[in-house]
Amino acid sequence: KIEFESDKNVYIKADAIKMSQVVYNLLNNAINHTADGECIRITADGCRISIANPGPPISEEDRKIIWERYQRSQHQSSRRLGTGIGLSIVSTILEAHHLAYGVDCQDGWNIFWFSYQSARQ
């Protein structure tokens with residue numbers, strides 16, 4: 001199950017094919033790390049897009065390396081599918097567009113996000 005919430009339409013200048021790859025990879029990642037019967041949330045809040053999946057938090061150690069090629073977080077609920085390059089593709093595309101991105105873990109959710117407001121520091 002996927003829930004989508006948006007507060008308004010936001011138009012940006014970006015490579016549509018590359019940005020669709022970002023959303024696809026983040027959604028695929030969420031699906032792979034979501035237990036059957038759970039819900040994934042996609043939120044467009046102003047200039048910030050978030051894809052959140054329920055589950056145990058990603059460890060601090062994993063948060064430092066998941067954006068690197070061939071790295072995978074070892075969630076307990078993970079189906080452990082994929083090659084470990086999806087998030088590195090996401091980071092490469094977002095950095096090429098000078099967009100901020102990250103992952104937050106709070107209240108039982110792992111929230112992968114990117115924003116058009118400011119470049120990642």
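**A tour from the paired strands to helix H3**

Begin by selecting strands S1 (residues 2–6) and S2 (residues 40–45), which pair in the parallel sense over five bridges. What you have open is a predicted model, and the stops below follow its elements one after another.

While the two strands are still highlighted, pick out Phe4, which stands opposite Ile42 in S2. Then add helix H1 (16–32) to the selection and follow the chain as it crosses from S1 through H1 to S2, a β-α-β crossover that is left-handed.

The next stop is an open space, the second largest pocket, whose volume is about 270 Å³. To find it, select Val10, Ile12, Ala44, Ile49 and Tyr116, which are the closest to its centre among the 14 residues that line this pocket. Strand S1 and helix H1, both already selected, are the elements that give two or more residues to that lining. If you colour the lining of the second largest pocket by class, you should find ten nonpolar, three polar and one charged residues.

Now move on to helix H3 and select residues 86–96, where Leu87, Ser88, Val90, Ser91, Ile93 and Leu94 are the buried residues. Which elements do the buried residues of H3 pack against? Show H1 again, together with strand S4 (100–106) and strand S5 (109–115), and you will have the three elements against which these buried residues of H3 pack.

For a last stop, step past H3 to His98, which follows the helix and has a positive phi, near 60°.

Key
Residues numbered from 1 in each chain as written. Predicted model: local features only at pLDDT ≥ 70, side-chain atom pairs only at ≥ 80, totals over all residues. Heavy atoms only, no water. 1 Å grid on protein atoms, 1.4 Å probe; cavity = no way out; pocket = protein on both sides within 12 Å on 5 of 7 lines; lining within 4 Å. Points joined across faces, edges and corners; volume = space filled by probe spheres on them. Helix = DSSP H or I, 4+ residues; strand = E, 2+ residues; numbered from the N terminus. Nonpolar A, V, L, I, M, F, W, Y, C, P; charged D, E, K, R; others polar. Pairing = 2+ DSSP bridges. Right-handed = clockwise from strand over helix to strand, strands pointing away. Buried < 20%, exposed > 50% of the residue type's maximum accessible area, 1.4 Å probe, protein only. Contact = heavy atoms within 4.5 Å.
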